[in-house]
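Here are my notes for a colleague who is new to this entry. Please keep the sequence and the model open while reading.

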Amino acid sequence: MIRLLFTHICDTAFISEGSKNLNIIGIFENISARNFPASHPKFSVVSSVQGDAGNYNQTLTITNKLTNEEISRISGPTNISMPNGKALFIGTFVMTTFPSAGKYLVNILINDNNIGDIEFNVGI
């Protein structure tokens, strides 16, 4: 079983080469826009999961909370190397277009099963 430890929306996130430390820069929960549809140039979503050893497919989707409309998706492999181990996943969204102001969700899926989400606001 896989469980979500944390998720952050931020300006950028990366793993340092030498130390292997996670760097999360500019955590936020609000995106400002004057007109809609509005495009955000770039942001990252970083998540940490823990669970059974194995190879998994992790997907991050962005959906409008009110309409459930999916507006963007990123997928990639996640590997947990030991029992009860942890894995990080960083997804970078580029030129994401938000059709309207409102509340949005980043949904975190492992092998197409939703294990959690984080809410953020897009508006004036």
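The points below go from the whole chain to single residues.

1. **Basis.** This is a predicted model, where local features need pLDDT of at least 70, side-chain atom pairs count only at pLDDT 80 or more, and totals for chains, interfaces and linings use all residues. Residues are numbered from 1 along each chain as its sequence is written, and side-chain values use heavy atoms, with hydrogens and water left out.

2. **Elements.** The protein chain has 9 strands and 0 helices. Its order from the N terminus is β-β-β-β-β-β-β-β-β. Both kinds of element are DSSP runs numbered from the N terminus: helices are H or I with at least four residues, strands are E with at least two.

3. **Overall size.** The C-alpha trace spans about 45 × 30 × 20 Å along its principal axes. The radius of gyration is 15 Å, which agrees with the value near 14 Å for a compact globule of 124 residues. That radius is taken over C-alpha atoms, and the globule rule is 2.2 Å times the number of residues to the power 0.38.

4. **Burial and surface.** Of the 124 residues, 40% are buried. Here buried means under 20% relative accessible area, exposed means over 50%, and partly exposed lies in between (1.4 Å probe, protein chains only). The accessible surface comes to about 6900 Å², and carbon and sulfur atoms hold 50% of it. Areas come from the Shrake-Rupley method with a 1.4 Å probe; for residues, only the protein chains shown count as cover.

5. **Contacts along the sequence.** Take the contacts with a separation of 6 or more. Residues 24 or more positions apart account for 64% of them. Contact means heavy atoms within 4.5 Å.

6. **Charge.** There are 8 positive and 9 negative side chains, and the centres of the two sets lie 5 Å apart. Lys and Arg count as positive, Asp and Glu as negative; His and the chain ends are not counted. Each charge is placed at NZ of Lys, CZ of Arg, CG of Asp or CD of Glu.

7. **Gln 58.** Look next at strand 5 (residues 54–64), which holds Gln 58. Gln 58 counts as buried because its relative accessibility is 0%. Its side chain makes a polar contact of 2.6 Å with that of Ser 47. A polar contact is a pair of N or O atoms within 3.5 Å; within protein, one must be able to donate a hydrogen and the other to accept it, and residues adjacent in sequence count only if both atoms are side-chain atoms. Beyond four places in sequence, the contacts of Gln 58 include Val 49, Ile 74, Phe 89 and Ile 108.

8. **Thr 78.** Thr 78 belongs to strand 6. Its relative accessible area is 4%, so Thr 78 is buried. The side chains of Thr 78 and Gln 58 share a polar contact of 3.1 Å. Thr 78 also touches Val 49, Tyr 56 and Ala 87, among others more than four places away in sequence.

9. **Val 49.** Val 49 sits in strand 4. It is buried, with a relative accessible area of 1%. Among the residues that Val 49 touches are Gln 58 and Thr 78, along with Ile 2, Leu 4, Ile 80 and Ile 115. Val 49 and Phe 6 are 43 residues apart in sequence, yet 7.4 Å apart from C-alpha to C-alpha.

10. **Ile 31.** Is Ile 31 buried or exposed? It counts as buried, at 6% relative accessibility. Ile 31 is in strand 3 (residues 30–32). Its contacts include His 40, Phe 98 and Phe 120. Ile 31 and Phe 98 are 67 residues apart in sequence, and their C-alpha atoms are 10.0 Å apart in space.

11. **Backbone points to check.** Most residues other than glycine have a negative phi, and most peptide bonds are trans. A cis peptide bond joins Phe 36 and Pro 37, with omega about 0 degrees. Pro 37 lies in the loop between strand 3 and strand 4 (38–51).

12. **Positive phi.** Asn 68 has a phi of about 65 degrees, although it is not a glycine. Asn 68 is in the loop between strand 5 and strand 6 (70–80), and counts as exposed at 59% relative accessibility. Asn 111 has a positive phi near 50 degrees. Asn 111 is in the loop between strand 8 (102–110) and strand 9 (113–123), and is partly exposed at 41% relative accessible area.
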